[in-house]
Amino acid sequence: MATIKSTDETFDTIVKENKIVLTDFWASWCGPCVTLAPILEQLSDELKDKGLVIAKHNIDNEPNTPTKYGVRGIPTMLLFKNGELKATKVGATTKSNIVSWIKKNI
């Protein structure tokens, strides 16, 4: 399963319907966001058995949700479990750091 696209309209549904959701707030002009994208694609496949869904939310096309959650810099990743915000990570990082962050917070 690849990453899924999140919009302002679908965001709440995605978070509520899936046990664990990592939302990546990004923009096409953001270099670190582009660097992070293939890592999240890999994790989407590797961690799907654990119930993780990775949603990508374009801040330029869908600005309301990032504003609601106080996203100021990108990339910003929000981790939800059972519909509840568990953790926030700002900035690009390594795959192993993301995996550790997910495991620590779920």
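1. Phenylalanine 11 and phenylalanine 80 are both buried in this predicted model, and their two rings have centres 5.7 Å apart with planes at 75 degrees, so that the pair is edge-to-face. The pair links distant parts of the chain, since phenylalanine 11 belongs to helix α1 (residues 11-17) and phenylalanine 80 to strand β4, with the two positions 69 residues apart in sequence. For phenylalanine 80, the relative accessibility is 2%.

2. Phenylalanine 80 also takes part in an edge-to-face pair with tyrosine 69, at 5.6 Å centre to centre and 85 degrees between the planes. Tyrosine 69 sits in the loop between α3 (64-68) and β4, eleven residues from phenylalanine 80, and at 28% relative accessibility tyrosine 69 counts as partly exposed. The structure holds four aromatic pairs, and one aromatic cluster is formed by Phe11, Phe25, Tyr69 and Phe80.

3. The strands form an open sheet of five, in the order β1-β3-β2-β4-β5 and with mixed pairing. At the edges stand β1 (4-6) and β5 (84-90), each having a single partner strand, so one side of each is left without a neighbour in the sheet. Direction ignored, neighbouring strands of this sheet are turned by 25 degrees against each other on average.

4. Strand β4 (residues 76-81) and β5 run antiparallel and are joined by six bridges; among the bridge partners, threonine 76 is matched with valine 90 in β5. On the packing of helix against sheet, helix α2 (residues 31-46) lies across β2 (20-26), β3 (52-58) and β4, and runs at about 155 degrees to β3.

5. The count of disulfides comes to one, and this disulfide joins cysteine 30 to cysteine 33 with an S to S distance of 2.3 Å. The torsion about the S-S bond is about 80 degrees, so the disulfide is right-handed. Cysteine 30 is buried, with a relative accessible area of 5%, and cysteine 33 is likewise buried, with a relative accessible area of 2%.

6. Four salt bridges are present in the structure. One of them is formed by the side chains of aspartate 24 and lysine 56, at 2.7 Å from N to O; aspartate 24 lies in strand β2 and lysine 56 in strand β3, so the contact ties together parts that are 32 residues apart in sequence. Both aspartate 24 and lysine 56 are buried, which a colleague examining the charged groups may wish to keep in view.

7. A further salt bridge brings together the side chains of lysine 68 and aspartate 12, at 3.6 Å from N to O. The pair links distant parts of the chain, with lysine 68 in helix α3 and aspartate 12 in helix α1, 56 residues apart. Lysine 68 is exposed, with a relative accessible area of 56%, whereas aspartate 12, at 34% relative accessibility, counts as partly exposed.

8. Glutamate 84 and lysine 86 also form a salt bridge, in which the closest N and O atoms are 3.7 Å apart. Glutamate 84 is partly exposed, with a relative accessible area of 46%, and lysine 86 is partly exposed as well, with a relative accessible area of 36%.

How values were computed
Residues numbered from 1 in each chain as written. Predicted model: local features only at pLDDT ≥ 70, side-chain atom pairs only at ≥ 80, totals over all residues. Heavy atoms only, no water. Pairing = 2+ DSSP bridges. Helix = DSSP H or I, 4+ residues; strand = E, 2+ residues; numbered from the N terminus. Axes fitted to C-alpha atoms, helices over the stretch in contact; angles between N-to-C directions. Contact = heavy atoms within 4.5 Å. Phe/Tyr/Trp six-rings, centres within 6.5 Å; stacked < 30°, edge-to-face > 60°. Buried < 20%, exposed > 50% of the residue type's maximum accessible area, 1.4 Å probe, protein only. Disulfide = S-S within 2.5 Å.
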